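Thanks for asking me to look over this structure with you. Please keep the viewer open while you read, and find each residue as it is named.

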Amino acid sequence: MMIQNVMITAKAPDLDTCSQAAYNHFHSIVLDVLNAPEDEELVCTLALGYADPDNIVKTFITPRIAVDEFTVFMDQ
């Protein structure tokens with residue numbers, strides 16, 4: 001939940017964020033560069049800055065499956 005709180009807080013001064021789970025594949029490299037202790041793990045990284053809404057990358061739409069295809073709803 002901490003990353004979510006940082007992302008929400010960043011909106012106050014009009015900053016934008018983007019969580020970067022793609023770096024998890026390079027966890028050993030990233031942790032080495034950060035001189036992290038051996039018992040540390042990389043969960044998520046975060047890009048922080050000002051978005052460019054006119055950038056062409058904003059037109060990329062990733063494919064999504066319907067919620068019902070990966071979710072089980074439980075009744076109490």
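The numbered points below go through a predicted model, one group of residues at a time.

1. Let us begin with the salt bridge, since there is just 1 in the structure. The partners are the side chains of Lys-11 and Asp-16, with a nitrogen-to-oxygen distance of 2.8 Å. That distance fits the rule for a salt bridge, because a side-chain nitrogen of Lys or Arg has to lie within 4 Å of a carboxyl oxygen of Asp or Glu. Both partners fall in the middle class of exposure: Asp-16 is partly exposed at 25% relative accessible area, and Lys-11 is partly exposed at 45%.

2. Stay in this part of the chain and look at Asp-14, which sits in the loop between α1 (2-10) and β1 (16-20). What is the sign of the phi angle of Asp-14? The angle is positive, about 65 degrees, although Asp-14 is not a glycine. This deserves a second look, because most residues other than glycine have a negative phi. Asp-14 is also exposed, with a relative accessible area of 57%.

3. Now move to the loop between α2 and β2, where you will find Asn-35. Asn-35 is not a glycine, yet its phi is positive, at about 55 degrees. With 67% relative accessibility, Asn-35 counts as exposed. Asp-14, which you met above, has a positive phi as well, so you could colour both residues and compare their loops by eye.

4. Next to Asn-35 in the numbering comes Ala-36, another residue of the loop between α2 and β2. Is Ala-36 buried, partly exposed or exposed? Ala-36 is partly exposed, because its relative accessible area is 27%. How far is Ala-36 from Ala-10 in space? Their C-alpha atoms are 25 Å apart, and 26 residues separate them along the chain.

5. The loop between α2 (27-33) and β2 also holds Glu-38. Glu-38 is exposed, with a relative accessible area of 82%. Which residues form a negative surface patch? The patch is made of Glu-38, Asp-39, Glu-40 and Glu-41. Glu-38 can be part of such a patch because its relative accessible area is 82% and the rule asks for over 30%.

6. For a contrast, turn to helix α2 itself and find Val-30. Val-30 counts as buried because its relative accessibility is 19%, and the limit for buried is under 20%. As you can see, the value lies just below that limit, so treat the label with a little care. Val-30 and Leu-42 are 12 residues apart in sequence, while their C-alpha atoms are 8.1 Å apart in space.

7. Let us go on to the segment after β2, starting with Ile-56. Ile-56 counts as exposed, at 67% relative accessibility. Measuring along the chain, Ile-56 and Met-7 are 49 residues apart, and their C-alpha atoms are separated by 23 Å. Which side chain has a polar atom 2.6 Å from the backbone oxygen of Ile-56? It is the side chain of Thr-59, a residue that also lies in the segment after β2. Thr-59 is exposed too, with a relative accessible area of 60%.

8. The last stop is a nonpolar surface patch of about 460 Å². Ile-65, Val-67, Phe-70 and Phe-73 make up this patch. Phe-73 is in the segment after β2 (45-49), and with a relative accessible area of 61% it is exposed. When you show the surface, try colouring this nonpolar patch and the negative patch of Glu-38, Asp-39, Glu-40 and Glu-41 in two colours, and then find each one by eye.

Terms used:
Residues are numbered from 1 along each chain as its sequence is written. This is a predicted model: local features need pLDDT of at least 70, side-chain atom pairs count only at pLDDT 80 or more; totals for chains, interfaces and linings use all residues. Side-chain values use heavy atoms; hydrogens and water are left out. Patches are made of residues with over 30% relative accessible area and no salt bridge: like charges are joined within 9 Å, nonpolar side chains (Val, Leu, Ile, Met, Phe, Trp, Tyr) within 5 Å. Accessible areas come from the Shrake-Rupley method with a 1.4 Å probe; for residues, only the protein chains shown count as cover. Helices (H or I, at least four residues) and strands (E, at least two) are DSSP runs, numbered from the N terminus. Buried means under 20% relative accessible area, exposed over 50%, partly exposed in between (1.4 Å probe, protein chains only). A polar contact is a pair of N or O atoms within 3.5 Å; within protein, one must be able to donate a hydrogen and the other to accept it, and residues adjacent in sequence count only if both atoms are side-chain atoms. Lys and Arg count as positive and Asp and Glu as negative; His and the chain ends are not counted. The place of a charge is taken as NZ of Lys, CZ of Arg, CG of Asp or CD of Glu.
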